[in-house]
Each structure stands twice: as structure tokens, then as C-alpha cells.
Amino acid sequence: LIGTGWYGKCDLLRLIQVSPVDVVSLCDVVKRMLAEAAELVGQRQKSGKQPRTYGDYRKMLAEKDLEIVLIGTPDHWHALPMIEACKAGADIYCQKPTGVDVVESQAMVAAARKYGRVVQIGTQRRSTPHLIEARERYIQSGKLGTIGRVNICCYWHMRNRDTLAQAPDGPAPDYLDYDLWTGPAPLRPYNKIVHPRGWRAFMEYGNGIVGDMCVHMFDMTRWMMDLGWPQRISSSGGILVDKAARANITDTQEVTFDYGNLQVVWTHRTWGADPDPTYPWSATFYGDKGTLKASVYGCDYVPQGNGTPVHEDVGMELEQFPEDKTEKDLEKHCAPAIRGHMKNLLACRETRSKPVADIEQGHISSASCILGNLALQLGRDLQWDATTQTVAGDAEANRLLARPYRAPWVHPTPATV
């Protein structure tokens with residue numbers, strides 16, 4: 001496991017639950033968190049052994065004795081370790097989104113194919129039991145009829161609100177290698193928001209709430225409806241209300257993924273009231289024969305006319321996996337989906353086939369979200385050419401498909417992996 005923080009541990013501990021894996025190596029630039037993770041893994045895996053620990057993923061991968069590598073780092077550290085893990089001969093489970101920019105993501109697909117690796121991306125809605133059932137029962141069956149619109153959203157107040165006075169710049173703690181943590185990203189002065197888990201407040205390390213939350217709901221929509229690349233992407237929004245916070249991600253944004261006869265429209269707002277408190281992070285599929293609301297917590301089918309509505313809740317599997325009841329920071333409602341995702345990866349390793357959230361599917365969903373942010377930045381619609389993997393007729397947009405890397409790190413491309 002590279003990245004032993006919140007979701008890195010969530011993913012690894014679910015893998016331990018479904019397979020007798022031997023966890024032999026952990027890597028993190030945060031010494032304290034790494035030691036805690038090693039102790040926890042030693043307690044949870046059957047051998048009782050604590051894994052080897054590393055402060056640099058390159059040294060860990062140089063051992064060349066790893067069959068599966070999990071990547072749970074911040075977004076700006078997904079691409080380089082994933083590509084090196086491919087070269088080291090490992091199959092991979094990488095958290096979403098794929099890369100922090102479009103070219104990173106393209107390079108990750110190229111590496112997986114060049115080195116023949118099985119790569120599962122952590123868009124685990126595709127392995128969520130009640131959503132699998134809803135997909136088959138209401139969408140694939142045609143019960144919704146013709147779907148012309150899908151609204152996807154997140155109304156959680158999740159954007160960090162700390163001001164400069166509350167989170168001034170200062171020295172990084174001695175247990176954190178902040179230079180290596182920053183890696184290829186711009187080197188910002190350290191402040192307490194960044195670590196742990198607060199890095200998503202800054203665009204330097206990710207793609208805001210669109211890259212964090214939209215990617216899940218957009219990927220779920222594409223999977224449910226068998227969609228590929230959108231034809232055109234547009235976006236509006238910005239920091240409209242909370243201007244005092246240090247966070248530089250949007251507090252309000254809408255992104256339209258246009259498929260011609262279908263529009264998938266994302267909205268997030270980190271202030272004000274939630275229009276539907278039951279479905280604050282969700283997708284609503286509007287068909288001419290019915291409507292489906294779907295989220296990690298459940299789903300509701302409402303037929304057009306006089307039919308009977310159907311409600312389903314998430315199953316948490318707490319009796320089958322009682323350790324979930326007390327695991328720190330575990331999203332219990334997501335644990336079954338992660339287990340399903342891990343089992344799918346393991347099965348595909350045996351057959352050398354593409355998993356349900358194959359790297360290419362992760363690339364489409366991740367890059368589309370990144371293009372949404374670029375459309376907002378540029379103030380215009382972007383027409384995506386899926387064949388050439390470029391924005392049609394827009395040289396400025398194409399120059400922004402790769403972010404500058406901080407030296408000495410070198411930005412990967414499909415040609416250089």
C-alpha cells in the first residue's frame with residue numbers, strides 16, 4: 001500500500017477481509033501515520049506480521065516482489081507510483097480520480113496496456129450491491145423509458161472554511177516529509193489544512209469537489225447507462241459565497257456533460273440549504289416512464305402514472321464483518337462496495353481480464369471531470385475528440401491538458417511510459 005491515510009487503510013483492510021493476502025509493504029511520507037498503519041495491519045492480517053515500511057515508494061517498488069499495489073495517496077501522487085508499479089510487474093488498485101490532469105490519466109492507461117497490468121480504479125459505485133440491482137432492474141430493463149436527463153449533485157458543506165488567521169503558514173511537523181509529500185505539485189507554504197485529509201481544499205493537489213465527488217456520480221451514471229465520452233462539456237460557478245476561506249476550490253459549480261440526446265448535469269454547493277436532504281450526494285435519472293434516485297445510502301424508483309414506488313436501502317454487512325463496527329473512520333455503508341471491488345480485481349487477476357472499473361473507464365470519468373474544470377477556467381464549452389484525445393479546435397485548452405511539474409519530477413506521457 002502506498003499512502004496509509006484514511007482511504008488507503010479502508011481499501012487495504014477490505015482486501016484483507018476477502019482474501020488471504022500477505023501484506024508485506026507499506027509506504028508513506030508521514031512517519032507517524034506509517035507506523036500506526038503497520039501496527040494495525042499486523043493486528044488484522046492472519047499472519048500477525050507487521051509489514052516492511054518505506055518513506056519512498058521508489059524504494060518499495062524496487063524490491064520487485066509485489067503482486068498487487070494499492071495506491072491511496074492524494075490525487076497529485078496517483079500517476080507516478082501507478083506507472084512505476086506497472087513497470088514493477090504489479091497489478092493495481094488505484095484510488096480515484098486517475099490523474100490530476102488529463103495527460104497523466106492518458107499515461108496511466110498507456111502504462112497499464114504496455115505492461116499488461118490489471119488496474120482497478122476506486123470508483124466503487126460499480127460494485128455497490130443495491131446500485132447493481134437498481135441498474136439491472138430499472139435502467140437496463142427499460143423501466144425508466146427514454147432517459148433524457150440525469151442530475152448528479154453534492155450539497156455537503158465539505159469545503160474547508162479556515163481563514164488565514166485560523167490556519168496561518170508555518171513549518172511542517174517533523175514527522176512529515178513535506179517536500180516529498182508535495183512531489184510534482186507546486187510547493188505551497190505549509191499550513192495545518194493540508195494534512196491530514198485537508199489537501200482537497202487546494203487545486204494544486206486535486207480538482208476540487210468535481211474531481212472528488214462528481215467523478216463518483218458521473219462514473220456511476222456512465223456505468224448504469226453504458227455511456228462513453230461526452231461530446232461537449234461546459235461549466236459555470238466559482239467561489240461565490242465563502243471568499244474568506246483559504247481554500248481555492250469552488251464553493252459553487254455546475255458542469256454539463258452533453259451526450260446529444262442526453263445531458264448529465266453536475267451541481268455542487270457547499271453553502272445554503274440542501275434541496276433534498278435524503279439525497280444530498282446522488283444521481284437522479286429522469287425517464288419518460290419513471291424516475292430513479294440513487295445514492296450510496298439507497299435508491300428510490302418512482303414510475304410515471306399510477307405504479308407503485310419502490311425504495312431500497314444499502315446493506316452494510318456488519319454481521320458478516322463485525323470488525324467494521326468499530327473500525328476508525330470507516331464509512332460502513334461503503335465497505336460492501338469496496339469488498340466487491342476487491343473481489344472483482346482478484347477475479348480479473350486470475351483471468352487477466354479488465355475489471356469493472358478498468359483504468360480506461362476511470363480515465364474517461366476522471367478526464368471528463370478535469371475538462372469540466374478547464375471549461376470553467378477558460379469560460380467556454382469544450383468539444384472533446386475521443387479519437388485524438390484532444391479538445392477539438394482549441395489550442396489553449398490542449399496546452400492545459402498537462403500541468404507543469406515541479407523539478408526534478410518529470411511529467412509522464414503516453415509515449416514515455
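# Exercises on a predicted model

The buried residues of H4 are covered by, among others, helix H3 (57–62), strand E3 (68–71), strand E4 (91–94), helix H5 (102–114), strand E5 (119–121) and helix H10 (359–378). The structure is a predicted model.

**Exercise 1.** Determine how many residues of helix H4 are buried, and which they are.

*Solution.*
1. Helix H4 spans residues 79–87.
2. A residue counts as buried under 20% relative accessible area.
3. Seven of the nine residues in H4 are buried, and the helix is mostly covered.
4. The buried residues are Ala-79, Leu-80, Pro-81, Met-82, Ile-83, Ala-85 and Cys-86.
5. Just after H4 comes Gly-89, with a positive phi of about 90°.

**Exercise 2.** Classify the packing of H5 against H10 by the angle between their axes, then describe the contact.

*Solution.*
1. The two axes come within 9 Å and cross at roughly 175°.
2. Angles over 145 degrees count as roughly antiparallel, which makes H5 roughly antiparallel to H10.
3. On the H5 side, the contact is formed by Val-102, Ser-105, Gln-106, Met-108, Val-109, Ala-112 and Arg-113.
4. On the H10 side, Ile-359, Glu-360, His-363, Ala-367, Ile-370 and Leu-371 take part.
5. By residue class, the contact of H5 with H10 has eight nonpolar, three polar and two charged residues.

**Exercise 3.** Do the same for helix H6 (residues 129–140) and helix H8 (residues 208–225), and give the handedness of the crossing.

*Solution.*
1. The axes of H6 and H8 come within 9 Å and cross at roughly 50°.
2. At that angle, H6 is oblique to H8.
3. The crossing of H6 past H8 is right-handed.
4. From H6, the residues in contact are Leu-131, Ile-132, Ala-134, Arg-135, Ile-139 and Gln-140.
5. They meet Met-220, Trp-223, Met-224 and Met-225 of H8.
6. The contact of H6 with H8 consists of eight nonpolar residues, one polar and one charged.

**Exercise 4.** Identify the residues with the most contacts inside the largest nonpolar core, and the element that gives the most to this core.

*Solution.*
1. The largest nonpolar core has 53 residues.
2. Phe-257 and Trp-266 have the most contacts inside this core.
3. H8 gives the most to the core, with eleven residues.
4. A second, separate core has 48 residues, including Val-29, Cys-94, Tyr-190 and Tyr-405.
5. As background, nonpolar side chains in soluble globular proteins tend to be buried together.

**Exercise 5.** Locate the cis peptide bonds that precede Pro-97 and Pro-408.

*Solution.*
1. Lys-96 is joined to Pro-97 by a cis bond with omega near -15°.
2. Pro-97 lies in the loop between E4 and H5.
3. The bond between Ala-407 and Pro-408 is also cis, with omega about 10°.
4. Pro-408 belongs to the segment after helix H11 (395–399).

**Exercise 6.** For Glu-317 and Arg-352, give phi, the place in the chain and the exposure class.

*Solution.*
1. Glu-317 is not a glycine, yet its phi is positive, about 60°.
2. Glu-317 sits in the loop between strand E13 (310–313) and helix H9 (335–351).
3. With 26% relative accessibility, Glu-317 is classed as partly exposed.
4. Arg-352, also a residue other than glycine, has a positive phi near 55°.
5. Arg-352 is in the loop between H9 and H10.
6. The relative accessible area of Arg-352 is 41%, so Arg-352 is partly exposed.

Notes: Residues are numbered from 1 along each chain as its sequence is written. This is a predicted model: local features need pLDDT of at least 70, side-chain atom pairs count only at pLDDT 80 or more; totals for chains, interfaces and linings use all residues. Side-chain values use heavy atoms; hydrogens and water are left out. Axes are lines fitted to C-alpha atoms, for helices over the stretch in contact, and angles run from 0 to 180 degrees between N-to-C directions. Helices (H or I, at least four residues) and strands (E, at least two) are DSSP runs, numbered from the N terminus. Angles under 35 degrees count as roughly parallel, over 145 as roughly antiparallel, 65 to 115 as roughly perpendicular and the rest as oblique. A crossing is left-handed if the near helix is turned anticlockwise from the far one by less than a right angle, and right-handed if clockwise. Contact means heavy atoms within 4.5 Å. Ala, Val, Leu, Ile, Met, Phe, Trp, Tyr, Cys and Pro count as nonpolar, Asp, Glu, Lys and Arg as charged, and the others, Gly among them, as polar. Buried means under 20% relative accessible area, exposed over 50%, partly exposed in between (1.4 Å probe, protein chains only). A nonpolar core is a set of buried Ala, Val, Leu, Ile, Met, Phe, Trp, Tyr and Cys residues joined through side-chain atoms within 4.5 Å.
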